[in-house]
Amino acid sequence: MAFWLIVLVLLIAAAALLLVPVLRQPQRDLPEDRDRLNTRFYHQRLKELEQDEEQGVVAERQAMIEELQQNLLSDVPHAEKAKPEPLNRWVLLPGVVVLVLISVGFYLKTGGLAQVQGWNLVMSEMPSLRERVMNEDKQPLTMEEIARLGLGLRTELQTDPRNVADWVMLGRIGMALNNATTATQAFSHAYQLAPNEPEVALGYAEVLTRSSDPEDNKQAADMLRDMMARNHEDVRVLSLLAFNAFEQGDYKKAIGAWEMMLKTLPANDSRREVLKRSIEQAKVQSGEDNSLLNVTINLSPDVERQLPPTAVLVVSVTDGATPIPVAVKQLPLGHFPVTVSLSDANAMMPERLLSAQKQVKVRARISRDGLANPQSGDWFGESAVMPYNKESQISVQIEHQVP
């Protein structure tokens, strides 16, 4: 309402700038007023001449009268002149209307009226959006509703900038919308207001950990170490500390944090398997995992002489239950017999490591054209399904040909 009152006052002021100069224009003397004055002056001079004659002052009264008549005729022409029409003030009304229409049109085009209406709608929905966020039994918010909630929170934080809970909620919304800038700034404000609040510190550390800036990652690591000193059994802190260390290439620290989580979690917790795979992956990345699968491959000399020099040896390992490879290694063709070593570094997926398998089945194939898929004429051989340990050795005889 205040905005529209201001708009109305400005429009009235602009219209006044158009109307006032015309309304205050002084009236000019009209020709008919001058003629009336000249005639009145003529009659007055006649009376004066008559009085002068009676007194004997004027001797040639008739000549002077004729002269006055000539002057009157020259001052008051016989032809009736056109009387100028005064400006009709209603003519200015279209100008005022055009002024109002142009002003309102420019506002509707560039003033963001739709955005303002959307903002008003968001502010009216804020109570219900807050209730749905806080109540798990309510219908979850869509991404569009989360964005509207973020807009409402930014508006309310303008009037209540010390509301820690709203800053934390805005930070969570930034993370949900993948808006790193909003998330970092919101949690930074919350941390400045309540640095000793565990939820605030943990949220800020998570945002900094996921940042692409190495300085943010280091700050997060310092914060997480401080939190660990206060509570070394907090699974959330351990998880973030492990993730932070892994991203920075400190695999030993990541392994240590995950191993502490394994000791803390219950035996039936589903997260234990994920942690074990993460530990194995960190060991592979750090070079600590020395588990190898040595495969000795034999090929008949007659077959070897038939192979083109561009042929490639492809060794794949499965779990013996599914045909999807756990590890694959490809190398140029050499002289047989040849021994090939595979490890977790040759894993196809980080969640399916070679070291995590209990049994394996090895397939060796000679690809004539270097293609990944078997082609007609390729030679291959397979082993049986065999138990696997860190120093397993398996022999494969290549003796079959793809039809």
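A crossing of two helices is called left-handed if the near helix is turned anticlockwise from the far one by less than a right angle. With that in mind, we can look at two pairs of helices in this predicted model, whose chain averages a pLDDT of 81, with 80% of the residues scoring at least 70. Among the elements of the chain, the mean pLDDT is lowest, at 66, in helix 3 (residues 61-75), and highest, at 93, in helix 8 (residues 180-193).

The first pair to consider is helix 9 (residues 198-209) and helix 10 (residues 214-230), whose axes come within 8 Å and cross at roughly 150°, and here helix 9 passes helix 10 in a left-handed crossing. On the side of helix 9, the contact is made by Ala 201, Leu 202, Tyr 204, Ala 205, Leu 208 and Thr 209, while helix 10 contributes residues including Ala 220, Met 223, Leu 224 and Met 227. Sorted by character, the residues of this contact between helix 9 and helix 10 comprise 9 nonpolar, 3 polar and 1 charged.

Further along the chain, helix 12 (residues 251-264) packs against helix 13 (residues 271-286) at an angle of about 160°, and their axes lie 9 Å apart. Because angles over 145 degrees count as roughly antiparallel, helix 12 and helix 13 are therefore roughly antiparallel to each other, and their crossing is left-handed. In helix 12, the residues that meet helix 13 include Tyr 251, Ile 255 and Trp 258, and among their partners in helix 13 are Arg 272, Leu 275 and Ile 279. The contact of helix 12 with helix 13 is made up of 8 nonpolar, 3 polar and 4 charged residues.

Notes: Residues numbered from 1 in each chain as written. Predicted model: local features only at pLDDT ≥ 70, side-chain atom pairs only at ≥ 80, totals over all residues. Heavy atoms only, no water. Axes fitted to C-alpha atoms, helices over the stretch in contact; angles between N-to-C directions. Helix = DSSP H or I, 4+ residues; strand = E, 2+ residues; numbered from the N terminus. Parallel < 35°, antiparallel > 145°, perpendicular 65-115°, else oblique. Contact = heavy atoms within 4.5 Å. Nonpolar A, V, L, I, M, F, W, Y, C, P; charged D, E, K, R; others polar. pLDDT = per-residue confidence, 0-100.
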